[in-house]
Protein chains: 2
Amino acid sequence: MVVKKSIGVGLMGLGVIGGGVAKVLMGKPDTLAREAGSRLVLKKILEKDLNKHGLLGIERDIFTTQFEELAGHPEVDIIVELIGGEHPAFELIRDALSRGKHVVTANKEVMSKHWSELLAVAQEHKVSLRYEASVGGGIPLIAPFQEDLVANDISAIYAIVNGTTNYILTRMAKEGLDFSVALKKAQELGYAEADPSKDIEGVDAAYKLAILATIAFGTEIKPDNVYHEGISRLQARDFRYASELDYAIKLLAIAKRVEDSVEARVHPVFIPEDSLLAKVDGVYNAIHVEGDLVGKVIFYGEGAGPRATSSAVISDIIKIAQNINRGITSPPRLFFAPGRTVKPMDEIETRYYVRMSVADQAGVLAQISKILGDHAISISSVIQKETDPSAQTAEIVIMTHPAKEQAVQQALKETERLSVVREISNFVRVEA
Amino acid sequence: MVVKKSIGVGLMGLGVIGGGVAKVLMGKPDTLAREAGSRLVLKKILEKDLNKHGLLGIERDIFTTQFEELAGHPEVDIIVELIGGEHPAFELIRDALSRGKHVVTANKEVMSKHWSELLAVAQEHKVSLRYEASVGGGIPLIAPFQEDLVANDISAIYAIVNGTTNYILTRMAKEGLDFSVALKKAQELGYAEADPSKDIEGVDAAYKLAILATIAFGTEIKPDNVYHEGISRLQARDFRYASELDYAIKLLAIAKRVEDSVEARVHPVFIPEDSLLAKVDGVYNAIHVEGDLVGKVIFYGEGAGPRATSSAVISDIIKIAQNINRGITSPPRLFFAPGRTVKPMDEIETRYYVRMSVADQAGVLAQISKILGDHAISISSVIQKETDPSAQTAEIVIMTHPAKEQAVQQALKETERLSVVREISNFVRVEA
């Protein structure tokens, strides 16, 4: 065992997260050295804005705008990518790995889209590629899935992995706000970006689910295979009705193994109000996992932010440093089970909440029930909610028994064509 | 890297947990081999009852009643101790380690009481000693604490780590049962043992807290240093009053770092009804951890049972097997921060719920308030709950502001001596 006196870290990107990681690296050197077995020394920072050094009190000469100066530095052992986004982060990570540098990243987009290629490069060059911070911020997830739950066959994941949408949904539920108002409040507080579309539309959650599901099921799941639907159609009244029916509404990332196929989808879901996931408020994340041995396990914590993220990034750095000091290589491994495919969204089966506006007259429900019945969709309950006398319309809420997505979609199309139906206002899937 | 074709496992104890582990080892050999890098082969089972082989369909000749036949077997690489209890498990583990065998155990009593000695033996002989299953059943805890949260300074742990008591408390809260009735029901369902004292009195939780707190704070905390108090004094009415005050009652294992000292205590606690821990029902466990970087993290799952426990035991076996195949040793490490001591219970400061029976007459509260005030205990609220006209007594419930334990104990002694006070019926600490 040849222990290196110090291990050099190169940091790409000194934004909010990068700044947080730099601060911890410089702020608790003794704790980190004790755990890593070597001092962790920040050798180079790749950053466009060379003036950022002043903010953190970092020596100016470790800053560079040239990737070559960082990746080609002989004393940089581990490169930490915190630039974010797909390009150029993907190319820089690939380049770093192929030069024999170990890489730590928090980049969910790159990992979920370019997994196999990056794994192959890391394996070829016998270097580590770690990405604990890519899902769930500081919550230990990737390592528990890959190391601690490894004896399990995982059957399902239900996850709140996007803090922005969970914050918005929490305010809508607790304060009766409409979506646009809650979004604005989230933006004012810095919980939503100026362009919030990736969060709001479930794209961010789909990246994260692709990573978790790939690990959990040993099936490569690309973001393109993950159905995603956002939260912008939800209205205050959906939360009121959900609550009356003892449900909460959450944006869930769901992955399930059903025989030889895998479901992977992100969309708003009615979940029982007394479930633990329903109690996860604000920007917190929670990941519910089901395994054949372990049963139900939930991991909960802050899913974002510089401090929580640096907890995960630095534990990855320390694990790599320990392996360097043990003289072993530890490239990422992943086993793919042959023959598993992602189930098309059309084929999933679940229950549905449907809210519609109809003519306030006799016989309407019979017409709607007929269409649903024709598509083998059975109704579990119908409630007439509100009547608008001036428009002569009524609002009705239908809860179905389990039905096939395709059948429901088709039935709703036909229902919408009925002259007595003003609009299908919303429909939300229900998980028990 | 010399990969062993098979790695031999010796199992000590084929009770409920041991049987569960044996079943998984034999039941999913391919999954385990893929993860471990070698086949895991059950070579020997140390068990008094030689007839147990029939139940699991295990070849009779791998059973033995002689430790020597197991520990001395040249093909046994890893010994799994699932006998439970302090003796002879401790001596057998020590003996196994000193023969150069790796050890996996689920034994919280042995680990919490004999930690330093076993660690020293394992380090001397360069073998692994893993104990993931000793706390929280299948919930990944020890590894996340030691590997994933390692960049954090942990400041607090609030944990529900005893399923038996949590089951009893859940039934008391939900059904208004008294303690003895709820205990009987737990026993009927197999959730409590015939002699439930170790669970009921908080001893089991104290073992587990000693393990978690030792790892989290780098301070060796023996079970003897953990104050523990059981749940048998709680009555149905305490749950009613708690609920009225928006609290739940849980048996919590609490460890906190307060400057240079550590609090470590197990006792019933009032916690806010809307906290996630308050929602942890039945036999489930949940461990709330606070770190300077990660913030608040909660781990939730089944804390016991053969399947959940085998999930943790087998992940420990696999980690050891991987290290054997990498040709590295990985003896347990633990850093102790110098100078940290366990705070005596007398010195802790918290809030209190006190229920007492007093004479139903004017001026009683003034006398009680005077005593509390003399001990610098300030009252946050007083509610007169019930009056028993025949006995001419009233029940009052006092909630205090933060106060020193010693002062409260002394004040309650003095209060109990007042002629107008019939009894101090109960007092429970409160955590915000």
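Which residue stands opposite B:His228 in β10(B)? The answer is B:Val266. Before getting to that strand in detail, keep in mind that this is a predicted model.

**The overall build**

Let's start with chain A. Chain A has 15 helices and 18 strands. Its radius of gyration is 24 Å, close to the 22 Å that the globule rule gives for 432 residues, so chain A is as compact as a globular protein of that length. Along the principal axes, the C-alpha trace of chain A spans about 80 × 45 × 35 Å. Of the 432 residues in chain A, 53% count as buried. If you take the contacts in chain A between residues at least 6 apart in sequence, 74% of them join residues at least 24 apart.

**How the two chains meet**

A turn of 180 degrees, with a shift of 0.0 Å along the axis, lays chain B on chain A with an RMSD of 0.0 Å. The two copies are thus related as by a two-fold rotation axis. The same surface serves both copies, since 100% of the contact residues of chain B recur in chain A. Which residue of chain B comes closest to the rotation axis? That's B:Phe299, with its C-alpha at 2.5 Å.

The contact involves 39 residues of chain B and 39 residues of chain A. On the chain B side, α2 (29–36), α7 (142–148), β12 (295–302) and α13 (306–326) each supply at least two residues. The largest share there, 9 residues, comes from α13(B). Sorted by class, the side of chain B that touches chain A has 21 nonpolar, 8 polar and 10 charged residues.

Strand β12 also pairs across the two chains: 4 bridges join β12 (residues 295–302) of chain A to β12(B), and the two run antiparallel. In that pairing, A:Gly301 stands opposite B:Val297.

**The six-stranded sheet**

Chain B has an open sheet of 6 strands in the order β3-β2-β1-β4-β5-β6, with parallel pairing. β3 (63–64) and β6 (129–130) stand at the edges, each with a single partner strand, so one side of each is left without a neighbour in the sheet. At the β6 end, β5 (residues 102–105) of chain B and β6(B) pair in the parallel sense over 2 bridges, and B:Val103 stands opposite B:Leu129.

Helix α13(B) turns up here again. This helix packs on the sheet, touching β1 (6–12), β2 (39–46), β4 (78–81), β5 and β6 of chain B. The direction of α13(B) makes about 165 degrees with that of β5(B).

**Back to β10**

Strand β10 (residues 261–272) of chain B is mostly covered, with 9 of its 12 residues buried. Here is how its pairings line up:

| Partner of β10(B) | Bridges and sense |
|---|---|
| β8 (residues 227–228) of chain B | 2 bridges, parallel |
| β9 (residues 247–258) of chain B | 12 bridges, antiparallel |
| β13 (residues 341–342) of chain B | 2 bridges, parallel |
| β18 (residues 421–430) of chain B | 2 bridges, parallel |

You can pick out individual pairs in the viewer. B:Leu252 has B:His267 as its bridge partner in β10(B), while B:Ser261 is matched with B:Thr341 in β13(B). B:Phe270 stands opposite B:Val430 in β18(B).

β9(B) and β10(B) form a hairpin with 2 residues between the strands. In this hairpin, B:Glu259 takes a positive phi near 50 degrees.

Methods:
Residues are numbered from 1 along each chain as its sequence is written. Chains are lettered from A and ligands numbered from 1 in the order in which they are written. This is a predicted model: local features need pLDDT of at least 70, side-chain atom pairs count only at pLDDT 80 or more; totals for chains, interfaces and linings use all residues. Copies are superposed by least squares on the C-alpha atoms of residues with pLDDT of at least 70 in both. Two residues are in contact if their C-beta atoms, placed from the backbone, lie within 7 Å. Ala, Val, Leu, Ile, Met, Phe, Trp, Tyr, Cys and Pro count as nonpolar, Asp, Glu, Lys and Arg as charged, and the others, Gly among them, as polar. Two strands pair if DSSP finds at least two bridges between them. The radius of gyration is taken over C-alpha atoms; the globule rule is 2.2 Å times the number of residues to the power 0.38. A residue is buried if 20 or more other C-beta atoms lie within 10 Å of its own, exposed if 12 or fewer, and partly exposed in between; C-beta atoms are placed from the backbone. Axes are lines fitted to C-alpha atoms, for helices over the stretch in contact, and angles run from 0 to 180 degrees between N-to-C directions.
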